[in-house]
Amino acid sequence: MKELRFEYVMRLDFSPMVSKHRFTLKCIPHSDERQKVSELEVVAYPREFISEAEDAFGNHCIYGHAEGMHDHFSFRVTGKAATGLAPWEHAKEDHLIGIYRYQTEYTRPGPCIRKFADSFSFTPEMTAYDKAFTFMTGLYRSFQYVPYVTGIHTTAEEAMALGKGVCQDYSHILLSLCRMEGIPCRYVVGMLIGEGASHAWVEICSEGRWIALDPTNNLVVDDQHIKISAGRDYQDCIINQGIFTGQTRQTQQILVSVKETENQHSAPKTRSWRESSFRR
């Protein structure tokens, strides 16, 4: 178990200014069986109209609407997370997680993934976890971590054909392989101890339990990861989505920092709104 202090900052600058800006944020970690979030504070600008709700996958969403002209959009999320509280999450009934068995546009296998899958052989007694872990280890040995060769729209098959990519690609390929075996599995976005950008990994359902695997680093997720959201693939977990009126150029800056703290017993703060060594 660790106590981690986290900060997630994103800023979009617009030149010239924009208006009628509607946005959805999935940037807030929430408490579950594996982690407990406290001292949570969210700062956003502009925030003329703000509401909060859960999406169909149980992710916490912030919905905002800014009518007036503005030259930038930003948010900052800070807090603490006690991680590694449990080795897994309990899964819901089979009929409620069936959606995670099906391939998506990002994970649909082609000849490269099918050829890779055919290189594995499984015995009848192997669990879903055994199969997923075997896939993960094989992928880690065969796939090369290389930034900037793929993008947010790259599919699992396209990345597999390249033989290299980043955490999003590792995760989509592992999802594709697991779903070929009928294993329910989720794409996860979160933060990893250290500094940099957001990170992606996979949760697979085995014997009624969601177990988290980080294929980019070839490990079972324990207490160094903070989960933000989960869904069928990257598209369900986009941290910031929005539309606005105006012809503009936009530049984006992101800062993610996760650091271990000394375990201090303090009461959680109320959330407030104000204006203003691993592979990733």
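## Loops, core and hollows

Student: Let's start with Y148: which loop is Y148 found in?
Tutor: Bear in mind that this is a predicted model. The loop that holds Y148 lies between β7 (144–145) and α4.

Student: Is Y148 buried or exposed?
Tutor: The cut-off for exposed is over 50% relative accessible area. The relative accessible area of Y148 is 81%, so Y148 counts as exposed.

Student: And what's the phi of Y148 near?
Tutor: Most residues other than glycine have a negative phi. Y148 isn't a glycine, yet its phi is positive, near 70°.

Student: E207 has a positive phi too. Which loop is its place in?
Tutor: Phi of E207 is near 55°, again in a residue other than glycine. E207 has 67% relative accessibility, so E207 counts as exposed. Its loop runs between β11 and β12.

Student: Which peptide bond is cis with omega near -10°?
Tutor: Most peptide bonds are trans. The one from S15 to P16 is cis, with omega near 0°, and P16 sits in strand β1. For omega near -10°, go to the loop between β2 (35–45) and β3 (49–54), where P46 has its place; the cis bond there runs from Y45 to P46.

Student: Which strand gives the largest share of the largest nonpolar core?
Tutor: In soluble globular proteins, nonpolar side chains tend to be buried together. Here the largest nonpolar core has 58 residues, and F6, Y8 and F75 touch the most other members. The largest share, nine residues, comes from strand β1.

Student: What does F6 touch around residues 77 to 81?
Tutor: Leave out residues up to four places away in sequence, and F6 still touches a long list, including P29, V37, L40, M191 and I226. In the stretch you ask about, the partners are V77, T78, G79, K80 and A81.

Student: Over to helix α3: what does it reach from first C-alpha to last?
Tutor: Helix α3 covers residues 128–142, which is 15 residues. At 1.5 Å a residue you'd expect 21 Å, and α3 comes close to that, reaching 21 Å.

Student: Which helices do the buried residues of α3 pack against?
Tutor: The buried residues are K131, A132, F135, M136, T137, G138 and L139. They pack against the strands β11 (199–206), β12 (209–214) and β13 (219–220). On the helix side, their partners are α2 (111–117), α4 (156–162) and α5 (167–180).

Student: Is M160 buried or exposed?
Tutor: M160 belongs to helix α4. Beyond four places in sequence, its contacts are C112, I113, F116, L139, F143 and I173. Its relative accessibility is 14%, and buried means under 20%, so M160 counts as buried.

Student: Which element gives the most to the lining of the largest cavity?
Tutor: The largest cavity has a volume of about 40 Å³. Two elements give two or more residues to its lining, β11 and β14 (225–231). The most, three residues, comes from β14.

Student: How many charged residues are in the lining of the largest pocket?
Tutor: The largest pocket has a volume of about 1000 Å³, and 35 residues line it, with I152, S198, Y234, Q252 and I254 the closest to its centre. By class, 19 of the lining residues are nonpolar and 14 are polar. The charged ones number two.

Student: And how many are charged in the lining of the second largest pocket?
Tutor: That pocket holds about 400 Å³ of space. Its lining has nine nonpolar and four polar residues, and the charged ones number six.

Terms used: Residues are numbered from 1 along each chain as its sequence is written. This is a predicted model: local features need pLDDT of at least 70, side-chain atom pairs count only at pLDDT 80 or more; totals for chains, interfaces and linings use all residues. Side-chain values use heavy atoms; hydrogens and water are left out. Helices (H or I, at least four residues) and strands (E, at least two) are DSSP runs, numbered from the N terminus. The expected span of a helix is 1.5 Å times one less than its number of residues. Buried means under 20% relative accessible area, exposed over 50%, partly exposed in between (1.4 Å probe, protein chains only). Contact means heavy atoms within 4.5 Å. A nonpolar core is a set of buried Ala, Val, Leu, Ile, Met, Phe, Trp, Tyr and Cys residues joined through side-chain atoms within 4.5 Å. On a 1 Å grid over the protein atoms alone, a cavity is a set of points where a 1.4 Å probe fits but cannot get out, and a pocket is an open set with protein on both sides within 12 Å along at least five of seven lines; lining residues have an atom within 4 Å of a point. Grid points are joined across faces, edges and corners, and a volume is the space filled by probe spheres set on the points. Ala, Val, Leu, Ile, Met, Phe, Trp, Tyr, Cys and Pro count as nonpolar, Asp, Glu, Lys and Arg as charged, and the others, Gly among them, as polar.
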